[in-house]
Amino acid sequence: MLQAFVFERVGIVVGDLYFLDPNPRPGQEGPEHGVRLELRVFDRGELKGTIYSATPIEVGRPIWRVDLLESVDGKPGSFNRTHHHPKFSGWNPQPRAFVRELSADPLGWLGGELADLPAILDRADVPQDVAGPSDAASLKDMAPTIVGVARIMLDKVRAGELGLAPAGEAADSIRNGWL
């Protein structure tokens, strides 16, 4: 499942994820699942037809990522693999950053972060003008809704409805989900 919240120049995408790392750090072996949220650059393309045509929308490069993950074999609600990636190098995230506040109250932490777009951009070493003039206020206003969507998706992961391994897959590394 994928949900998108698009503002002027940036937006948030939220999706479920099942992931098996081919090179896990010690203590992080085995599959994990949960919800991934990314701040992305969005672009409106030129119309491809008449003035009535649909507007092309491009979901562009990632700026910041939050992974609300748990080990598949672990206790639901443990958030034992929850982390974020404060910055990207192109399309690749920098190493996982584990934050005590994020693990203690993932959705509360997420809401606080979403309310401060300028700080996210600063930590990501992304110029403030990547975002539109109204993006910070729009994101802050929508933060409770975005957190609510993440909560609903997490509930569906724990219910076995989302964040599932691909059927019939057996490999050293697997990733299933939009993001």
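**Exercise 1. Is Val157 buried or exposed?**

Before you start, keep in mind that you're looking at a predicted model.

*Solution.*
- Step 1: find the residue. Val157 sits in helix 4.
- Step 2: check its accessibility. Val157 has a relative accessible area of 6%, and the cut-off for buried is under 20%, so Val157 is buried.
- Step 3: look at who surrounds it. Leaving out residues up to four places away in sequence, Val157 touches Asp16, His33, Gly34, Leu162 and Gly163.
- Step 4: try a distance. From C-alpha to C-alpha, Val157 and Lys48 are 38 Å apart in space, and they are 109 residues apart in sequence.

**Exercise 2. Work out whether the span of helix 4 agrees with its number of residues.**

*Solution.*
- Step 1: take the residues. Helix 4 covers residues 135-158, which makes 24 residues.
- Step 2: get the expected span. You multiply 1.5 Å by one less than the number of residues, so helix 4 should span 34 Å.
- Step 3: compare. The C-alpha atoms at the two ends are 32 Å apart, which agrees.
- Step 4: look along the helix anyway. There is a bend of about 50° at Ala143, and a proline, Pro144, follows within four residues.
- Step 5: step off the end. Just after helix 4, Gly160 has a positive phi of about 80°.

**Exercise 3. Find the side of helix 4 that is buried, and say what it packs against.**

*Solution.*
- Step 1: list buried residues. Among them are Leu139, Ala143, Ile146, Val147, Ala150, Met153, Leu154 and Val157.
- Step 2: recall some helix geometry. An α-helix has 3.6 residues a turn, so residues three or four places apart point the same way. Try stepping through the list with that in mind.
- Step 3: name the partners. The buried residues of helix 4 pack against strand 1, strand 2, strand 3 and strand 4, and also against helix 2 and helix 3.

**Exercise 4. Describe the largest nonpolar core and which element gives it the largest share.**

*Solution.*
- Step 1: start with the general idea. In soluble globular proteins, nonpolar side chains tend to be buried together.
- Step 2: get the size. The largest nonpolar core here has 36 residues, and Ile63, Trp64, Leu68, Leu110 and Leu114 have the most contacts inside it.
- Step 3: see who contributes. At least two residues each come from strand 2, strand 3, strand 4, helix 2, helix 3 and helix 4. Helix 4 gives the largest share, with 9 residues.
- Step 4: zoom in on one core residue. Not counting neighbours within four places in sequence, Leu114 is in contact with residues including Ile12, Leu37 and Trp64. From helix 4, Leu139, Ala143, Ile146 and Val147 are also on the contact list of Leu114.

**Exercise 5. Pick three salt bridges and say which parts of the chain each one joins.**

*Solution.*
- Step 1: get the total. The count comes to 9 salt bridges.
- Step 2: take Arg65 and Glu38, whose side chains meet at 2.7 Å, N to O. This pair links distant parts of the chain, with Arg65 in strand 4 and Glu38 in strand 3, 27 residues apart. Arg65 is buried at 9% relative accessible area, and Glu38 is buried at 1%.
- Step 3: take Arg158 and Glu70, also a salt bridge at 2.7 Å, N to O. Arg158 is in helix 4 and Glu70 in strand 4, so the pair ties together parts that are 88 residues apart in sequence. Here Arg158 is partly exposed at 35%, while Glu70 is buried at 5%.
- Step 4: take Glu113 and Arg123, whose closest N and O atoms are 2.3 Å apart. Glu113 belongs to helix 2 and Arg123 to helix 3, so this pair ties together parts 10 residues apart in sequence. Glu113 counts as buried at 15%, and Arg123 as partly exposed at 36%.

**Exercise 6. Which residues are linked with Arg96 in a network of salt bridges?**

*Solution.*
- Step 1: locate Arg96. You'll find Arg96 in the loop between strand 7 and helix 1, and it is buried, with a relative accessible area of 17%.
- Step 2: name the network. Glu32 and Arg81 are linked with Arg96.
- Step 3: add the polar contacts. The side chain of Arg96 reaches the side chain of Glu32 at 2.4 Å and the side chain of His83 at 3.2 Å.
- Step 4: round off the surroundings. Beyond neighbours within four places in sequence, the contacts of Arg96 include Phe19, Arg25, Gln28 and Leu69.

Terms used:
Residues numbered from 1 in each chain as written. Predicted model: local features only at pLDDT ≥ 70, side-chain atom pairs only at ≥ 80, totals over all residues. Heavy atoms only, no water. Bend = angle between axes of the 7 residues up to and from the residue. Buried < 20%, exposed > 50% of the residue type's maximum accessible area, 1.4 Å probe, protein only. Contact = heavy atoms within 4.5 Å. Core = buried A, V, L, I, M, F, W, Y, C linked by side-chain atoms within 4.5 Å. Salt bridge = Lys/Arg side-chain N within 4 Å of Asp/Glu carboxyl O. Polar contact = N/O pair within 3.5 Å; in protein donor to acceptor, adjacent residues only side chain to side chain.
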